[in-house]
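Visitor: Could you take me through one part of this model closely, beginning with the place where the two chains meet and then going on to the helices and loops behind it? I would like the reasoning spelled out where there is any.

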Amino acid sequence: MTIKTTRREFMKVAGAAGAVTAFAVTGCASGPSGSGPRVVVVGGGFGGATAARYVKKFGPDFRVTMIEPKSSYVTCPFSNAYLGGIVDLATITHNYSGISAMGVDVRQDTVMSLDAEAQTVTLWSGAVIEYDRLIVSPGIDFKWTIPGYDETSSELAPHAWQAGGQTVTLRKQLEEMDDGGTVIIAPPGNPFRCPPGPYERASMIAHYLKTNKPKSKVLILDRKDKFSKQGAFMEGWKKNYADYIEWVPATEVGTITNIDVNTKTLATEMDTHKADVLNFIPNQKAGAIAHKMGLTDGDWCPVDLLTFESKVIPGVHVIGDAAVVTGMPKSGNAANSEAKICASAVVQLLSGATEVASAISSNTCYSLVTPDYGISVTAVWQGTAEKYAKTSGGVSPADQSDGFRANEAKYAHGWYANITADVFG
Amino acid sequence: MNVKLGIAAAVSAVFISAQASTAFAENLNADLLVSNCVVCHGDDGISVGSTPSIDGIAKDRLVAMLQSFKDGSRSGTIMTRIAPGYSDAQLEVIAGALAGN
Ligand SMILES: Cc1cc2nc3c(=O)[nH]c(=O)nc-3n(C[C@H](O)[C@H](O)[C@H](O)COP(=O)(O)OP(=O)(O)OC[C@H]3O[C@@H](n4cnc5c(N)ncnc54)[C@H](O)[C@@H]3O)c2cc1C
């Protein structure tokens, strides 16, 4: 594919004057290291943090600024293991010192708006930051469409689909629940972040119940009739949680009409389900700032698949859950892979290239069924302008030995250790 | 973070752009290819977790290992699902980059 570098962009890159203005405007004392083009990254999650690191890796002289409101980031990956009592909160919490150490200016702030003409973003603090190219990775936001369930009431029946406070609340509710209770998980409809996530969560909660409250159970009331790694999960559940997990497909659940977070009741057209702990997971859309910036078409952000440049606003790239990446799932590993392709493209484009070199991606989602029973789905894709074309992959094979499952559980921890080092430094 | 890799990458990014069409068609960007492996095997192939490290292995041996996962003659929990996704040319580039570290 061919991308024209605009004359204006080239001058911005070449001209040192622009850089001086940026510092004057923001009044930033330290600023990013380097004297090359300015790349600004919105969001310090799996996509954003990886992008910041890899722009610096591929273009050591580039000036990179990353804006993220939180001082530390709790990962969704392994947050289900936290719910199951296998890892503690500290293990899944990461700070940004490794990214700062690379010379990236990490700003604890929130991006409020975009001026694509002026090529600036304005922050909550009032600072205005200039960019030569902008990379946006804001993750997801929720569609509050079910009566009784909104941002405020969700605190009582936590979705815990953005790891942090609600994950801790959900764990506490599980701990406080009496033995003999019912935990209801209501997974979202497609598309949503981490397709196997709700079913891994059911497994990890069942592990906690089986170990601590053996008269209790998990009821999954789905908004889909099939789900990711279904065969592998079902095999694992049959072996480990026969009396603990019941899955009800969407056609049998019917449409959810109302949620009462106080009584923890979920009403459908045909039934009422009472829970002791209710984990309702809303349907999803791109993070709010993507909508505010005008990067969306419907719920998500359309992008050029080889550069991740927005199809709506030139000079702005969108990666991770917020972007429509045909062929790939919404996952942390996918966001990490997209970030690297995007970082490579951004560095090349700002170095005067008119075509980008390469786009090849991969993703693996491990799920723990028990602490010693892991399953995975993996894929490798070759990028084309139309889609990411899968060239290999698949789900863990059926009917494997205990040793095979134990190895996958072990490697799941290995994946977590290495990918978080790759994302956060 | 490996500074050496960073500088090499910046140089190769500029270099690759000169021959972009060929490189793109075959997806032979070494940095991007290897970046798919580091999420499990660690930066430069040095794992910080329970997955094996793959640094310090001679190129020919690495190619042979990857080919054996690709054709199924060697078993594994996941490499048999990953290796077939890469062309022979890509596996050569990956092995060369990892061995060069
Ligand atoms: C329970 C659960 C388990 C999961 N397990 C796995 C797993 O095992 N493997 C896997 O690969 N994936 C997993 N995922 C999915 C993974 O967490 C997401 O796909 C991934 O986080 C997406 O990365 P992202 O960069 O798009 O968004 P995020 O990681 O959510 O990052 C977005 C960041 O942007 C920031 N932000 C938002 N708005 C602004 C703004 N206006 N200004 C500045 N910053 C802003 C946010 O604070 C946030 O830190 C799981 C998800 C869940 C819910």
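Guide: What follows is a connected account of the interface, then of two helix pairs and the loops beside one of them. The model is a predicted one, and every value below is computed from it.

At the interface, 44 residues of chain B are in contact with 54 residues of chain A, and the two chains bury about 3500 Å² between them, with 61% of that area on carbon and sulfur atoms. Polar pairing is present as well, since the count between chain B and chain A is 23 residue pairs in polar contact, both residues being at pLDDT 80 or more. On the side of chain B that touches chain A, the elements giving two or more residues are α1 (3-18), α2 (20-26), α3 (30-35), α4 (38-41) and α6 (79-82) of chain B. Of these, α1(B) supplies the largest share, 9 residues. Sorted by class, that side of chain B has 24 nonpolar, 17 polar and 3 charged residues.

Salt bridges can be followed from the interface outward. The rule finds 2 of them across the interface of chain B and chain A, and one involves B:Arg81 and A:Glu408, whose closest N and O atoms are 3.3 Å apart. The residue number of A:Glu408 falls within helix α12 (residues 402-424) of chain A, a helix that also packs within its own chain. The axes of α12(A) and of helix α3 (residues 46-58) of chain A come within 7 Å and cross at roughly 60°, which means that α3(A) is oblique to α12(A). In that packing, A:Phe46, A:Ala49, A:Thr50, A:Arg53 and A:Tyr54 of α3(A) meet A:Ile419, A:Ala421, A:Asp422, A:Val423 and A:Phe424 of α12(A). The residues of this contact divide into 7 nonpolar, 1 polar and 2 charged.

A second helix pair in chain A can be described in the same terms. Helix α7 (residues 197-212) and helix α8 (residues 230-240) of chain A pack at an angle of about 10°, with their axes 11 Å apart, so α7(A) is roughly parallel to α8(A). From α7(A), the residues A:Tyr199, A:Glu200, A:Ala202, A:Ser203 and A:Lys210 meet A:Phe233, A:Trp237 and A:Asn240 of α8(A). By class, this contact has 4 nonpolar, 2 polar and 2 charged residues.

The loops beside these two helices hold some backbone details to inspect. In the loop between β11 (182-186) and α7 of chain A lies A:Pro191, and the peptide bond leading to A:Pro191 from A:Asn190 is cis, with omega near -10°. The loop between β12 (217-221) and α8 of chain A contains A:Lys229, where phi is near 55°, a positive value in a residue other than glycine.

A salt bridge also belongs to this region, one where the side chains of A:Lys215 and A:Asp179 meet at 3.8 Å, N to O. Because A:Lys215 lies in the loop between α7 and β12 of chain A, and A:Asp179 in the loop between α6 (165-176) and β11 of chain A, the pair ties together parts that are 36 residues apart in sequence. Over all chains, a search of the whole structure finds 18 salt bridges.

Notes: Residues are numbered from 1 along each chain as its sequence is written. Chains are lettered from A and ligands numbered from 1 in the order in which they are written. This is a predicted model: local features need pLDDT of at least 70, side-chain atom pairs count only at pLDDT 80 or more; totals for chains, interfaces and linings use all residues. Side-chain values use heavy atoms; hydrogens and water are left out. Contact means heavy atoms within 4.5 Å. Buried area is the accessible area (1.4 Å probe) that two parts lose on being put together, summed over both. A salt bridge is a side-chain nitrogen of Lys or Arg within 4 Å of a carboxyl oxygen of Asp or Glu. A polar contact is a pair of N or O atoms within 3.5 Å; within protein, one must be able to donate a hydrogen and the other to accept it, and residues adjacent in sequence count only if both atoms are side-chain atoms. Helices (H or I, at least four residues) and strands (E, at least two) are DSSP runs, numbered from the N terminus. Ala, Val, Leu, Ile, Met, Phe, Trp, Tyr, Cys and Pro count as nonpolar, Asp, Glu, Lys and Arg as charged, and the others, Gly among them, as polar. Axes are lines fitted to C-alpha atoms, for helices over the stretch in contact, and angles run from 0 to 180 degrees between N-to-C directions. Angles under 35 degrees count as roughly parallel, over 145 as roughly antiparallel, 65 to 115 as roughly perpendicular and the rest as oblique.
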